[in-house]
Amino acid sequence: MTPSPNTHLQLMRQAVDLAHANRQQGGRPFAAVLAQDGEVIATGVNNIIASHDPSTHAEMEAIRAGTRQRANPSLAGLTIYASGHPCPMCLAALVMGGAQQVFFAFDSQDAEPYGLSSESTYQRLRLSLTPPPLPITRIDTGIRAEQLYGDAAWPAA
């Protein structure tokens with residue numbers, strides 16, 4: 001079953017709301033929702049500050065929780081909704097696991113003014129996203145980057 005555009009927006013908004021909550025709790029403003037056919041399998045937030053582990057990105061945490069819960073390392077048929085465009089590590093895990101597609105709310109240009117861009121990592125690794133290794137689509141949630149990454153007021157629910 002293909003999720004409707006409204007379902008995609010709801011799942012993307014869930015990821016952005018989780019990222020905001022993580023930032024409010026002292027974490028980095030990133031979160032991800034792993035879903036199958038529009039149903040949430042697992043979620044994850046960036047846990048680097050609390051864990052002191054550079055691999056605990058939101059997408060990685062959602063992948064770990066989802067594959068454990070399913071007792072299956074394959075991401076075939078699964079979609080990730082990430083608050084930020086996946087970094088090379090997260091994108092590689094999604095590709096290697098066979099994820100179906102990626103949706104994201106903010107890209108590296110949005111994150112750059114806040115010191116949260118992964119563009120320099122892509123450049124240092126000499127990686128290009130042209131063509132993308134799997135479908136990667138931006139979804140506008142109506143939230144602005146300065147609301148998630150900066151000090152602009154968060155919109156009322």
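1. Let's start with the second largest pocket of this predicted model. Its lining is made up of His85, Asp107, Ser108, Gln109, Glu119, Tyr122, Leu127, Ser128 and Leu129. The volume comes out at about 160 Å³. Two helices, H5 and H6 (119–124), each put at least two residues into that lining. Sorted by class, the lining of this second largest pocket has 3 nonpolar, 4 polar and 2 charged residues.

2. Now the largest pocket, which has a volume of about 340 Å³. It has 21 lining residues, and those that lie nearest its centre are His57, Cys87, Leu116, Ser117 and Ser118. Helices H3 (58–70), H4 (88–97) and H5 (108–111) are the elements giving two or more residues to this lining. By class you get 10 nonpolar, 8 polar and 3 charged residues. If you are browsing the model, note that H5 turns up in the lining of the largest pocket and in that of the second largest pocket as well.

3. Cys87 deserves a look of its own, since it is among the residues nearest the centre of the largest pocket. Is Cys87 buried or exposed? With a relative accessible area of 12%, Cys87 is buried. How many disulfides does the structure hold? The count is 0. Cys87 is in no disulfide, and the nearest cysteine sulfur, 3.7 Å away, belongs to Cys90. The reverse holds too: Cys90 is in no disulfide, and the nearest cysteine sulfur to it is that of Cys87, at 3.7 Å. The cut-off used here is sulfur atoms within 2.5 Å, so a pair must meet that to be called a disulfide. Cys90 is buried as well, with a relative accessibility of 0%.

4. On to charges. The model has 6 salt bridges by the rule applied here. One of them links Asp17 to Arg13, whose closest N and O atoms are 2.9 Å apart. Asp17 and Arg13 sit 4 residues apart in helix H1 (residues 5–24), so about one helical turn separates them. Both ends are partly exposed: Asp17 has a relative accessible area of 31%, and Arg13 has 24%.

5. A second within-helix pair is in H3. The side chains of Arg64 and Glu61 meet in a salt bridge, 2.7 Å from N to O. Arg64 and Glu61 are 3 residues apart in helix H3, about one turn of the helix. Arg64 is partly exposed, at 26% relative accessible area. H3 is also one of the helices that contribute to the lining of the largest pocket.

6. The next salt bridge reaches across the sequence. Arg138 pairs with Asp110, the closest N and O atoms being 2.3 Å apart. Arg138 is in strand E5 (residues 136–138) while Asp110 is in helix H5, so the pair ties together parts that are 28 residues apart in sequence. Arg138 is partly exposed, with a relative accessible area of 39%. Which residues are joined into one network by salt bridges that share partners? They are Asp107, Asp110 and Arg138. That brings us back to the opening point, as Asp107 is one of the residues lining the second largest pocket.

7. Finally, the strands. E1 (residues 31–36) and E2 (residues 39–45) run antiparallel and are joined by 6 bridges. Going through the partners, Ala31 in E1 is bridged to Val45 in E2, and Ala32 stands opposite Gly44. The hairpin of E1 and E2 has 2 residues between the strands, and Asp37 takes a positive phi near 50° there.

8. E1 has another partner in E3 (residues 79–84): the two strands pair in the antiparallel sense over 4 bridges. Here Leu34 stands opposite Ile80 of E3. How many of the 6 residues of E1 are buried? The number is 5, so E1 is largely enclosed by the rest of the structure. When you trace E1 on screen, then, look for E2 and for E3 as its antiparallel partners.

Key. Residues numbered from 1 in each chain as written. Predicted model: local features only at pLDDT ≥ 70, side-chain atom pairs only at ≥ 80, totals over all residues. Heavy atoms only, no water. 1 Å grid on protein atoms, 1.4 Å probe; cavity = no way out; pocket = protein on both sides within 12 Å on 5 of 7 lines; lining within 4 Å. Points joined across faces, edges and corners; volume = space filled by probe spheres on them. Nonpolar A, V, L, I, M, F, W, Y, C, P; charged D, E, K, R; others polar. Pairing = 2+ DSSP bridges. Buried < 20%, exposed > 50% of the residue type's maximum accessible area, 1.4 Å probe, protein only. Salt bridge = Lys/Arg side-chain N within 4 Å of Asp/Glu carboxyl O.
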